[in-house]
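Good morning, colleagues. I should like to take you through one protein chain, moving from its hairpin and sheet to its charged pairs and its packing.

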Amino acid sequence: MYRVNRFGDLLELRAATPSLGEAASDSEFQYSDRREIVIRFKVVNDEAVPIEAYVDDGVNRRPLTLDEINWWLNVIENL
């Protein structure tokens with residue numbers, strides 16, 4: 001569901017969102033709308049500080065707000 005890559009003092013977390021059908025628990029829902037959440041961090045004093053975050057649908061990128069970043073980190077932490 002997610003992966004983390006490290007590049008020196010930078011971390012990149014990538015997580016796949018559920019499709020609308022999966023989120024609604026509806027197997028009849030055929031629309032595929034998976035997106036990827038990307039959150040980039042800089043490691044400062046052994047702490048990961050978010051520096052960039054967005055939702056990527058393969059065509060467009062939408063920046064995430066700090067509240068959305070925190071929400072996604074909470075979801076991923078509870079997997």
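Let me begin with a term: strands here are DSSP runs of E of at least two residues, numbered from the N terminus, and two of them are said to pair if DSSP finds at least two bridges between them. Please keep in mind throughout that this is a predicted model.

With that in place, consider the hairpin of strand 1 and strand 2. Two residues lie between these strands, and Gly 8 there takes a positive phi near 65°. Strand 1 and strand 2, the latter covering residues 10–16, pair in the antiparallel sense over six bridges. Two of the residue pairs may be named: Arg 3 has Arg 14 of strand 2 as its bridge partner, and Val 4 has Leu 13 of strand 2.

Let us now step back to the whole chain. Its secondary structure comes to two helices and five strands, and along the sequence these follow the pattern β-β-α-β-β-β-α. Of the 79 residues, 28% count as buried. Among contacts with a separation of 6 or more, 33% are accounted for by residues 24 or more positions apart.

How are the five strands ordered in the sheet? They form an open sheet in the order 1-2-3-4-5, with antiparallel pairing. Strand 1, residues 2–7, and strand 5, residues 61–63, stand at the edges; each has a single partner strand, so one side of each is left without a neighbour in the sheet. On average, neighbouring strands of the sheet are turned by 25° against each other, direction ignored.

Strand 2 deserves a closer look. On its other pairing, it joins strand 3 in the antiparallel sense over seven bridges. Arg 14 has Val 38 as its bridge partner in strand 3. Five of the seven residues of strand 2 are buried, and therefore the strand is largely enclosed by the rest of the structure.

I turn next to the charged side chains. Side chains of opposite charge can pair when their charged atoms come close. In this model there are eight salt bridges. One of them joins Arg 3 and Glu 36, whose closest N and O atoms are 3.8 Å apart. Because Arg 3 lies in strand 1 and Glu 36 in strand 3, this pair ties together parts that are 33 residues apart in sequence. Both ends count as partly exposed: Arg 3 has 45% relative accessibility, and Glu 36 has 22%.

A second salt bridge links the side chains of Glu 12 and Arg 14, at 3.0 Å from N to O. Are these two residues buried or exposed? Glu 12 is buried, with a relative accessible area of 9%, and Arg 14 is buried as well, with 15%. The cut-off that matters for this reading is that buried means under 20%.

These two salt bridges belong to a wider arrangement: Arg 3, Glu 12, Arg 14, Glu 36, Arg 40 and Glu 52 are linked in a network of salt bridges. A further salt bridge is formed by the side chains of Arg 61 and Asp 56, at 3.9 Å from N to O. Arg 61 is exposed, with a relative accessible area of 53%.

Finally, I come to helix 2. At 1.5 Å a residue, its twelve residues should span 16 Å, and its end C-alpha atoms are indeed 16 Å apart, which agrees. Which residues of helix 2 are buried? They are Ile 69, Trp 72 and Ile 76. These residues cover an arc of only 70° around the axis, which puts them on the same side of helix 2. The cover over them includes strand 1, strand 2, strand 3 and strand 4. On the face turned away from the buried side, helix 2 carries the exposed residues Leu 66, Asp 67, Trp 71 and Glu 77.

To close, let me return to the sheet and its neighbour. The five strands form an open, antiparallel sheet in the order 1-2-3-4-5. Helix 2, residues 66–77, packs on this sheet and touches strand 1, strand 2, strand 3 (36–44), strand 4 (47–56) and strand 5. The direction of helix 2 makes about 95° with that of strand 3. Thank you for your attention.

Technical notes: Residues numbered from 1 in each chain as written. Predicted model: local features only at pLDDT ≥ 70, side-chain atom pairs only at ≥ 80, totals over all residues. Heavy atoms only, no water. Helix = DSSP H or I, 4+ residues; strand = E, 2+ residues; numbered from the N terminus. Axes fitted to C-alpha atoms, helices over the stretch in contact; angles between N-to-C directions. Contact = heavy atoms within 4.5 Å. Buried < 20%, exposed > 50% of the residue type's maximum accessible area, 1.4 Å probe, protein only. Salt bridge = Lys/Arg side-chain N within 4 Å of Asp/Glu carboxyl O. Expected span 1.5 Å × (residues − 1). Arc of directions from axis to C-beta.
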